[in-house]
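I opened this notebook to record what I looked up, entry by entry. The strands come before the pockets.

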Amino acid sequence: MPRFAANLSMMFTEVPFLDRFDAAAQAGFTAVEFLFPYEHPAEAVGERLKRNGLTQALFNLPPGDWNAGEKGFAALPARFSDLKASLETALPYAKETGVKRLHLMAGIANRGERVAIEAFYKSVAWAAEFFAPHGIDIVIEPINARNVPGYFLNDFGFARDLVQELRLPNLKLQFDIYHCQIIHGDVTMRLREMMPIIGHIQIASIPSRNEPDGEELNYPFLFAELDRLGYAGFVGCEYNPRGKTTDGLAWFKPYAGVKP
């Protein structure tokens with residue numbers, strides 16, 4: 001049975017960020033993820049997590065100036081010093097939460113430019129090697145161009161090839177089913193092909209990015225497929241609730257309380 005992690009950047013937004021840990025636990029989640037914790041002290045985030053007996057499944061490394069449109073800088077040659085600094089910024093949060101995987105964002109860059117590809121390979125390897133002594137995996141995630149125009153990493157095949165070429169034990173693929181369906185389709189066959197390198201999975205309905213309870217994909221089939229494939233990682237609920245978060249959790253009731 002899949003182990004679901006509530007995404008606290010998108011779910012339970014009816015309450016302030018730190019209170020969302022309480023809300024997720026009360027709704028039956030045993031794990032959480034979020035985009036960025038950096039507006040809050042690492043100790044405060046860790047305390048809320050532990051108070052509620054939650055497991056931290058994932059969060060993102062600092063992306064740069066998010067409000068100005070930055071989406072990471074791993075593929076930006078001139079921002080390598082920022083990339084290195086971002087790892088130091090994230091480390092206290094990783095220690096406080098006990099997280100075992102961090103998402104490294106590529107940034108807005110042209111994948112047709114060799115310098116961008118070289119910068120991305122360099123940044124990914126550097127981040128993976130930095131966190132390896134701490135027992136933390138780095139995951140990279142292809143993101144569709146409809147949601148993030150110009151995002152460097154917008155192809156699952158490219159991401160797969162990079163992971164396989166670098167051969168770093170703690171480098172994995174973040175497989176967001178929502179993004180995969182929009183970019184490529186054929187989700188089930190791609191899950192079967194890429195399962196050996198997948199470190200984290202995320203879900204949402206397509207095309208609306210709401211609760212995973214309808215529209216294009218048959219999520220009950222996909223959840224059963226993850227079990228058939230032996231996936232033991234987390235499934236992040238990275239979706240926008242249609243209304244109040246708790247009103248849209250009927251799909252989750254059969255899985256509530258499943259322990260990590």
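**Entry 1: strand β8 and its partners.** I began with a single pairing: Ile203 has Cys237 in β8 as its bridge partner. I noted that the chain reaches β8 from β7 by way of helix α8 (residues 219–228), in a right-handed β-α-β crossover. The model I am reading is a predicted one. Strand β7 (residues 198–203) runs parallel to β8, and 3 bridges pair them.

I then looked for another partner of β8 and found strand β1 (residues 3–7), which is parallel to β8 and joined to it by 4 bridges. Within this pairing, Arg3 has Phe234 as its bridge partner in β8.

Are the residues of β8 buried or exposed? I checked both directions along residues 234–237: Phe234 and Gly236 point one way, Val235 and Cys237 point the other way, and all are buried.

**Entry 2: strand β5 and its partners.** I turned next to β5 (residues 137–140), where both faces are covered. Asp137 and Val139 are buried on one side, and Ile138 and Ile140 are buried on the other.

Which residue of β5 is the bridge partner of Arg101? I found that it is Asp137. Strand β4 (residues 101–103) runs parallel to β5, with 3 bridges between them. I recorded that β4, helix α4 (residues 114–131) and β5 form a right-handed β-α-β unit.

I also followed β5 to strand β6 (residues 171–176), and the two pair in the parallel sense over 3 bridges. In this pairing, Ile138 of β5 stands opposite Leu171 of β6. The chain passes from β5 to β6 through helix α5 (residues 156–166), and this crossover is right-handed.

**Entry 3: the annotated span.** I consulted the UniProt record, an unreviewed entry, which annotates residues 21–254 as "domain: Xylose isomerase-like TIM barrel". For this span I noted 38% helix and 14% strand, with the end C-alpha atoms 20 Å apart.

**Entry 4: the pockets.** I looked up the largest pocket, which holds about 340 Å³ of space. Its lining has 13 residues, and Phe36, Pro37, Tyr38, Glu39 and Trp66 lie nearest the centre. By class, I listed 7 nonpolar, 3 polar and 3 charged residues in this lining.

The second largest pocket has a volume of about 250 Å³. I found 18 residues lining it, with Leu35, Trp66, Ile143, Arg209 and Glu238 nearest its centre. Its lining comprises 7 nonpolar, 7 polar and 4 charged residues. I marked Trp66 in my notes, since it is listed nearest the centre for both pockets.

How values were computed: Residues numbered from 1 in each chain as written. Predicted model: local features only at pLDDT ≥ 70, side-chain atom pairs only at ≥ 80, totals over all residues. Heavy atoms only, no water. UniProt positions renumbered as here; feature names shortened; annotations may be inferred. 1 Å grid on protein atoms, 1.4 Å probe; cavity = no way out; pocket = protein on both sides within 12 Å on 5 of 7 lines; lining within 4 Å. Points joined across faces, edges and corners; volume = space filled by probe spheres on them. Nonpolar A, V, L, I, M, F, W, Y, C, P; charged D, E, K, R; others polar. Buried < 20%, exposed > 50% of the residue type's maximum accessible area, 1.4 Å probe, protein only. Pairing = 2+ DSSP bridges. Right-handed = clockwise from strand over helix to strand, strands pointing away.
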